[in-house]
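This report sets out selected structural features of a single model. The sequence and structure are shown below.

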Amino acid sequence: IDLCNNEKIKTSPKFSKFKNSDIIDVSGCIVVGRAGRGKSWTLMNKIIPQLDDQYLIVSLTHKALENLTQIPKNKKRTLASLFMDKGESQRTMLEGIASSVSTIILEEYTMSSQKDLIKLYKLHQLGVSIILIGDHHQIPAIDNRPIKSIDYSFIREMCPILVELTHNHRFDQDLDDLSMRVYNEGIFEPTPEMKLNPEEKTRLNICYYRKTKFNINKQFSDANKLLNTPRVKTKDGHVAISGSPVICTEKLEGQLVNGTMCDIVNIVEGSVIIKADKEYTIATKKFTKNFVLGHAGTTHCFQGSTIKGDLTIHDTGSMTRELLYTALTRAEGISHIKVKSSGTVRDIKHTRYYNKYDPSVLICKNMKDMKTGYIFMNKETNAFGYTTIKPKNNIISTIQYYDEMELRTEAQF
């Protein structure tokens, strides 16, 4: 449904129908939409005004939270900080969260692991309303067996209403068409203007291979060494100067956590001044241990960010549809995207999802907290099952059972 203009309704048979109304049921829903569809606007204008003051917005990375500038800092947390291990049982930790939070809004939910989504389901059972926001065309979470989160049956119980924002309010339409052709048809046909000239290079680059990322950062590092300007070494052995983009690799202070993208503002004796949400002064030794050069990174590194200015996408022929779609939609418009090769890439494959089992079966009743179990397949009957005793073979997945959680017998194997 286009909440901004209220023009279209789009429902899924797996979810309850959404009424033709400007009001979102904040007791539990999923809000999905491609870039420019107004997800942040919907959050600020249609969801938060209905909530009490005990809401919390969370995401896997700080990048997704940094875009919500109107939200107070005490209302934004990463999943890692929310579920931080403080030496207590998981049940005690979740009950503590449920006692102080009435609603949790998960931004960029497709990036979240199955483990974190199950913790949110447990909070749902403890009375916390869960709202998921994201773009299900993007790359899935980094899990051993990626499954589309929207297919989890416990997700459909936790968030029974699916709202899809369909109207393009701000995103470049040519880029929108190009990225959706990649996703729907598996064809990437760049325009002649997107071809990167041999002598040309952009400040930021998205790659598939780590080797490509290293080589690009090395080229910038080698060029920095030739300049007569203050410089500093990074954790990956490269050289950065004022103006260089860098990426934090550890939690330091304030908003500086693993994955935070920053720019070097100045290098003075004994310290480096960087800018993220604000300016930070970092001791030179501390900087060298905790930052890498950020001219190039993988699609996962840039997911959740909007890149201002030009960027080059490398290794397009090796990316899946989800990876290339995510890389393309980091830009503000098609005029900002460059590619190494102008040739058409065809037969792009989808990310391989494991659809043979539903992770909802992981949730089992009357088991001790965090007891390990196993999903297996019986070769004689071709049936799937679960057990707390390790089978000799045919193990599909090692799982965790959670105390007092309902057994899913309707799991779709």
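The sections that follow treat the basis of the model, its sheets, its nonpolar core and its pockets.

## Basis of the description

The model is predicted: local features require pLDDT of at least 70, side-chain atom pairs are counted only at pLDDT 80 or more, and totals for chains, interfaces and linings use all residues. Residues are numbered from 1 along each chain as its sequence is written, and side-chain values rest on heavy atoms, with hydrogens and water left out.

## Two open sheets

Helices (H or I, at least four residues) and strands (E, at least two) are DSSP runs numbered from the N terminus; two strands pair if DSSP finds at least two bridges between them. An open sheet of six strands, paired in parallel, follows the order β3-β2-β4-β5-β1-β6. At its edges stand β3 and β6 (161–165), each pairing on one side only. Within this sheet, β4 (residues 103–107) and β5 (residues 129–134) are joined in parallel by five bridges, and L106 stands opposite L132 in β5. Neighbouring strands of the six-stranded sheet are turned by 20° against each other on average, direction ignored; axes are lines fitted to C-alpha atoms, for helices over the stretch in contact, with angles from 0 to 180 degrees between N-to-C directions.

Another open sheet has four strands in the order β15-β7-β16-β17, with parallel pairing. Its edge strands, β15 and β17 (337–339), have a single partner strand each, so one side of each is left without a neighbour in the sheet. The average turn between neighbouring strands of the four-stranded sheet is 30°, direction ignored. Three bridges link β16 (residues 311–313) to β17 in parallel, and T312 faces K338 in β17.

## Nonpolar core and a buried loop residue

A nonpolar core is a set of buried Ala, Val, Leu, Ile, Met, Phe, Trp, Tyr and Cys residues joined through side-chain atoms within 4.5 Å. The largest such core has 28 residues, and L175, F188, I313, L324 and L328 have the most contacts inside it. At least two residues each come from α7 (173–185), β7 (204–207), α10, β16, α11 (321–328) and β17; α11 provides the largest share, four residues.

A35 lies in the loop between β1 (29–33) and α1 (39–47). A35 is buried, with a relative accessible area of 14%; buried means under 20% relative accessible area, exposed over 50%, and partly exposed in between (1.4 Å probe, protein chains only). The C-alpha atoms of A35 and R330 are separated by 8.8 Å, although these residues are 295 residues apart along the chain.

## Pockets

On a 1 Å grid over the protein atoms alone, a pocket is an open set of points where a 1.4 Å probe fits, with protein on both sides within 12 Å along at least five of seven lines; lining residues have an atom within 4 Å of a point. The largest pocket has a volume of about 1,100 Å³, volume being the space filled by probe spheres set on the points, which are joined across faces, edges and corners. Its lining comprises 42 residues, with L60, T61, K63, N258 and G259 nearest the centre. The largest share, four residues, comes from α8.

The second largest pocket, of about 720 Å³, is lined by 25 residues, and E66, N67, M261, A276 and T306 lie nearest its centre. Both α2 and β11 (261–268) supply at least two lining residues, and α2 gives the most, four.
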